[in-house]
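Me: Please take a close look at the side-chain pairs in this model. I would like them set within the chain as a whole, with the burial of each partner given where it is available.

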Amino acid sequence: MIFSTLEHILTHISFSIVSIVITIHLITLLVDEIVGLYDSSEKGMIATFFCITGLLVTRWIYLGHLPLSNLYESLIFLSWSFSIIHLVPYLKNLKKQKNRFNLNAITAPSAIFTQGFATSGLLPEMHQSAILVPALQSHWLMMHVSMMVLGYAALLCGSLLSVALLVITFRKFIRIFSKSNNFVHDPFSFGEIQYISERNNVLQNTPFLSSRNYYRSQLIQQLDLWSYRIISLGFIFLTIGILSGAVWANEAWGSYWNWDPKETWAFITWTIFAIYLHTRTNFKSVNSAIVASMGFLIIWICYFGVNLLGIGLHSYGSFTSISN
């Protein structure tokens with residue numbers, strides 16, 4: 001009873017803190033002068049991390065095994081993974097007071113989405129943890145499932161950064177394209193076109209636009225760099241998770257690989273991000289960002305979509321059991 005009450009309290013505290021962090025982040029987007037709000041949002045994500053950690057530890061002690069045996073526990077662990085990924089750039093740039101890269105725009109909404117769905121009343125029965133099936137009563141449960149979920153979280157964050165990179169990059173091209181359509185459909189005289197061209201040249205040479213283009217370029221570089229770093233980290237976790245899962249499958253089912261839906265989509269996810277890493281190393285960042293954006297959808301199919309089928313050797317990975 002005590003553990004259940006403590007778990008309930010920590011769940012609501014962490015959800016409330018993340019909600020406040022998102023509100024603070026929206027305010028900072030509108031009012032840049034309020035510098036103290038930035039530190040408040042950072043501290044909020046740290047508090048969220050400790051609350052979810054306490055929730056997982058409480059459930060671990062209560063159940064006697066790592067809480068990764070059903071969809072509810074998996075989503076809570078995914079939310080915890082988002083919060084710990086947020087701390088990576090924060091701790092790295094802790095001594096830097098300026099130009100710190102803020103992942104709140106990615107990690108906070110991701111954490112509140114996963115935790116909100118997990119604690120919603122859509123499927124209240126998944127909050128209860130049943131006795132582990134014999135196949136899950138193994139020390140490989142901690143290694144395999146934790147690595148897979150950490151990999152999913154890192155790859156999702158990195159993919160969202162790549163999506164943001166594409167949005168910023170293509171905004172300029174969309175603006176140019178819309179202007180070109182105006183030139184085609186609207187009757188301009190030669191003098192008007194020459195005037196607009198000269199005005200644009202003057203504006204591009206002004207310090208304000210030069211500064212804006214500089215900061216946009218710096219932002220794109222930061223997005224590309226952190227997307228690459230986080231996806232690389234997630235790719236390592238995913239690789240370890242797949243390899244440990246293969247060893248566990250051999251012990252439980254007598255075969256390292258069985259090509260059931262979960263394994264197949266895990267392999268597709270691994271392949272997509274292997275292509276991303278190759279593209280990021282040899283081509284422009286926009287090309288790799290497109291691949292990572294595709295990977296964002298593939299991850300959700302692998303993590304969540306396959307579980308809707310409820311078939312295959314991972315059939316206990318449906319809404320009433322494990323989701324690795």
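Reply: The account below starts with the chain as a whole and then turns to the pairs.

The model is a predicted one. Its protein chain contains nine helices and zero strands, and from the N terminus on the order of elements is accordingly α-α-α-α-α-α-α-α-α. Of the 324 residues in the chain, 43% are buried. The accessible surface amounts to about 17,200 Å², and carbon and sulfur atoms supply 69% of that area. Among contacts with a separation of 6 or more, 79% join residues 24 or more positions apart.

The UniProt record, an unreviewed entry, annotates residues 12–32, 44–62, 74–91, 143–170, 226–249, 264–279 and 286–306 as "transmembrane region". Two of these spans may be compared with the model itself. Residues 226–249 are 100% helix and 0% strand, with 34 Å between the end C-alpha atoms. Residues 264–279 are likewise 100% helix and 0% strand, and their end C-alpha atoms lie 23 Å apart.

The charged pairs may be taken next. Side chains of opposite charge can pair when their charged atoms come close. The model has two salt bridges. In one of them, the side chains of Arg59 and Glu73 meet at 2.6 Å, N to O. This pair links distant parts of the chain, with Arg59 in helix 2 (residues 36–63) and Glu73 in helix 3 (residues 71–92), 14 residues apart. Arg59 has a relative accessibility of 6% and therefore counts as buried, the cut-off being under 20%. Glu73, at 1% relative accessibility, also counts as buried.

The other salt bridge joins the side chains of Arg280 and Asp224, at 3.1 Å, N to O. Here too the pair links distant parts of the chain: Arg280 belongs to helix 8 and Asp224 to helix 7, and the two residues are 56 apart in sequence. Asp224 is buried, with a relative accessible area of 13%.

The aromatic side chains give a further set of pairs, nine in number. One of them is formed by Tyr152 and Tyr303, whose geometry is edge-to-face, with 5.4 Å centre to centre and 65° between the planes. Because Tyr152 lies in helix 5 (residues 140–185) and Tyr303 in helix 9 (residues 285–309), this pair ties together parts of the chain that are 151 residues apart in sequence. Tyr152 counts as buried at 1% relative accessibility, and Tyr303 is buried with a relative accessible area of 1%.

Tyr303 also pairs with Trp300: the ring centres are 6.1 Å apart and the planes stand at 65°, so this pair is edge-to-face. Trp300 and Tyr303 are three residues apart in helix 9, which means that about one helical turn separates them. While Tyr303 is buried, Trp300 counts as partly exposed at 23% relative accessibility. Elsewhere in the chain, Phe49, Phe50, Phe77 and Trp80 form one aromatic cluster.

Two further sites concern the surface and the backbone. Met143, Ile236 and Ile240 make a nonpolar surface patch of about 250 Å². Of these residues, Ile240 lies in helix 7 (residues 207–253) and is partly exposed, with a relative accessible area of 34%. A patch residue must have over 30% relative accessible area, so Ile240 satisfies that condition.

Helix 7 also borders the loop that holds Trp259, which is placed between helix 7 and helix 8 (261–282). Phi of Trp259 is near 55°, a positive value in a residue other than glycine. Trp259 counts as exposed at 54% relative accessibility.

Taken together, the pairs described join helix 2 with helix 3 through Arg59 and Glu73, helix 7 with helix 8 through Asp224 and Arg280, and helix 5 with helix 9 through Tyr152 and Tyr303. The pair of Trp300 and Tyr303, by contrast, lies within helix 9.

Note on methods. Residues numbered from 1 in each chain as written. Predicted model: local features only at pLDDT ≥ 70, side-chain atom pairs only at ≥ 80, totals over all residues. Heavy atoms only, no water. UniProt positions renumbered as here; feature names shortened; annotations may be inferred. Helix = DSSP H or I, 4+ residues; strand = E, 2+ residues; numbered from the N terminus. Patch = residues over 30% accessible without salt bridge, like charges linked within 9 Å, V, L, I, M, F, W, Y side chains within 5 Å. Areas by Shrake-Rupley, 256 points an atom, 1.4 Å probe, with all protein chains shown as cover. Salt bridge = Lys/Arg side-chain N within 4 Å of Asp/Glu carboxyl O. Buried < 20%, exposed > 50% of the residue type's maximum accessible area, 1.4 Å probe, protein only. Contact = heavy atoms within 4.5 Å. Phe/Tyr/Trp six-rings, centres within 6.5 Å; stacked < 30°, edge-to-face > 60°.
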